[in-house]
Structures are given as structure tokens and as C-alpha cells.
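Please open the model in your viewer and keep the sequence at hand, since this tour moves from one selection to the next. Each stop names what to select and then says what is there.

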Amino acid sequence: MSREEPYYIPMPEIYGRRKLNALYREIPLKDATSRLLRKYFNAAANLYGIIPLHKLYGIIASQNKSLVTREEFLAFAEIARHECEDYYILGKSELYYDGPETELMEYEVIDVQLIDEDLDPYHEVLRGHQGKPYYVPDKKELLAYDNPFYWENTPEAEAFRTFLLTKTTVPEDKMEAVFVDIYYGLHCMNAGLEDVLNRLDEIGVEFRRKVDVGDFAEVYTPFHNHVRMQCNRGHTPDELFALLPPEERIPKSLSFGPNIRQAIADGTMNPEELRQGILTMDMPSEELRMSLLKEIAAAQTAAKPKKVGRNDPCPCGSGKKFKKCCGR
């Protein structure tokens, strides 16, 4: 295959359930063992996004004494490549034109959502994994991720759900679908505040009052920081933050996104109240305080209307010149 040809990944052929079960029994593995292993493969793909077979085998072996030998696990993985599940099992030689041939244990279990028309989602998660340890919960919790829409019912998640139900136009019968949609974007793609606000707008969800837009960040941020993410190898942002040395935990600067800038511009957020709050609150460093004050000043400067010339079109939209309309 040349590099000029359309990009594609040669996926293993999908087998039917009867053929798969017959192959598993030839290993030989009991049906119950095969089902348990499939649950582990699905759960690992959903929680981590990407995990090499050798790491997954280590987790399974640590939680299930004498469940399968290394050779039985490899035989299962070779057959499981032909399953239609939440994962692919692929080697580098299949992912890349010039990828190296490797042993099966080096192949990766990959969430199917990360393999699309290109490998950008796969690479994004892979970059996020760099230098981070795996979060390995106990067996019961890990296998809960066999359900791709499983989420931990934390106090932060409940507070966020309550906010959506009481402060936005999400109807109660659509609440679960909207919440899972947002959670999935966080868990799989580490969606930021602006991404979530844009997503709510896309699906027609509005805030009941303008002031609720400003309150949204206060509820969303702790929820975001307690979601287990594929890019963090299953850790929450707060857990990874706690693993950092103290000197690396303090950000040097922060910046506002377009929605917060717009809220300052249209008066939804009061810049003077925001400034006073930043001046009086405890900050980990004065450098961080100054960066936030500069962000407010920049947002206010951008919000100031430009002076309208007498011969310019009238800003009221009448189509007349300013001097013959509102500028009289």
C-alpha cells in the first residue's frame, strides 16, 4: 500500500458468536472465563482508551489468581481480535504504513471511538498518557466500565446534575441523556468548559437566567476534576494533581475563554465585582493574581464599543448613515 492511497487500517475479520465460542473452547477456556475476559477487555478500553496487552494481562492476573496462563491469554487475545465489541486489538504494523512488527503482547486494546477516518483521537489520548501511571481500581469497580456509559456517582456529579435540572432548560425526561453526553465528552476527550457550553448550545439547552452562566463554571469545574479520563489513564484531574510535587501544582497564569469574555462584554458578569473578588481572595501566588487581573482588563478593553463616524452606517441597523439616523 502506497502513501498516496486513501488511509485505512486493515481490521481483522469479524466472526460470529458461535465460531468465536468454539475457538475459545479449543484453547481450552470455559465459557465463563471467556465472558470474564471479554468484560475486562471492554472495561479496559472504556476506562483507559488504550492499553497494551501485557499491561492488561498483569491487571487481570493480579485480580484473578490462576484464571489464565500467559499462553491462554495470548490465545484468547488472538481470537478476541475478531470480536465485535467496544475495542480493537491492533499492532503498530496495522496502525501505520511503516509500523514495526511486534509480539502479540505488545499489541494494544483500543477504544473503537479512537479509530476513525484518521488516528487523531488515538494520538491525542496517547499523548495524554505520557508519564502517567494507570489507575487500577478493584475488580468490581474496574468491571463496571464494561458499560461504556458507566459513571461514578460522586457528590460533584450530583451537584452538576442538579444544576442542569434546575438552572437550565433540560427537561427531566432528557436529563440522563444530556448528562451522559457531557460526561462522555469529558471522559473520552477531556472536554473543557467552552466545549461543554458549545455542546449545550448545539443541543438547544439554554440557561434560565443570564446570571446562571457565571455560576455554571463553579459547578462544572469540580465535576470536571472528579471525572476519570482516558487521557489520564483512568485518573481524575484531581488525583493527578495530588501526585505532582508541591512546586509543580501552582499554575503561573490563567486565561479566560470566549464565553467568559462575552459575559464580561455583555454585562452578565460584573467586571468590578470579579476584580474585587480576585484582589481579596487568597491566591497561591501574586503572579497568578496579576494574570487574572490582566485578563479582566483585556476583556473590558475588547468590550468597549468603537466610536461611530457621522458617515458610518448607523449601528441600529436601519441602513441609514449615522448622521441621518441616531446621530442627529
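## The nonpolar cores

Begin with the largest nonpolar core of this predicted model, a set of 37 residues in which F41, Y48, I51, L53, F73, I89 and V109 have the most contacts inside the core. To see where this core comes from, colour the elements that give two or more residues to it, namely α1 (17-25), α2 (31-48), α3 (53-63), α4 (70-80), β2 (87-90) and α7. Among these elements, α2 gives the most, with nine residues.

Next, select F41 and display its surroundings: leaving aside neighbours within four places in sequence, F41 is in contact with L53, L56, I60, F73, F76, A77, Y87, I89 and V109. Then turn to a second, separate core, which has 25 residues and includes F163, L164, L186 and V196.

## A stop at E152

Now select E152, which you will find in the loop between α7 (139-144) and α8 (155-167). Is E152 buried, partly exposed or exposed? Its relative accessibility is 21%, and because buried means under 20% and exposed over 50%, E152 counts as partly exposed.

With E152 still selected, show the residues around it: apart from neighbours within four places in sequence, E152 is in contact with E141, Y145, A157, Y183 and R228. One of these, Y145, can be picked out together with E152, for a polar contact of 3.3 Å joins their side chains. Finally, draw a distance from the C-alpha atom of E152 to that of H226, where the viewer should show a separation of 9.0 Å between two residues that lie 74 residues apart along the chain.

How values were computed
Residues numbered from 1 in each chain as written. Predicted model: local features only at pLDDT ≥ 70, side-chain atom pairs only at ≥ 80, totals over all residues. Heavy atoms only, no water. Helix = DSSP H or I, 4+ residues; strand = E, 2+ residues; numbered from the N terminus. Buried < 20%, exposed > 50% of the residue type's maximum accessible area, 1.4 Å probe, protein only. Contact = heavy atoms within 4.5 Å. Polar contact = N/O pair within 3.5 Å; in protein donor to acceptor, adjacent residues only side chain to side chain. Core = buried A, V, L, I, M, F, W, Y, C linked by side-chain atoms within 4.5 Å.
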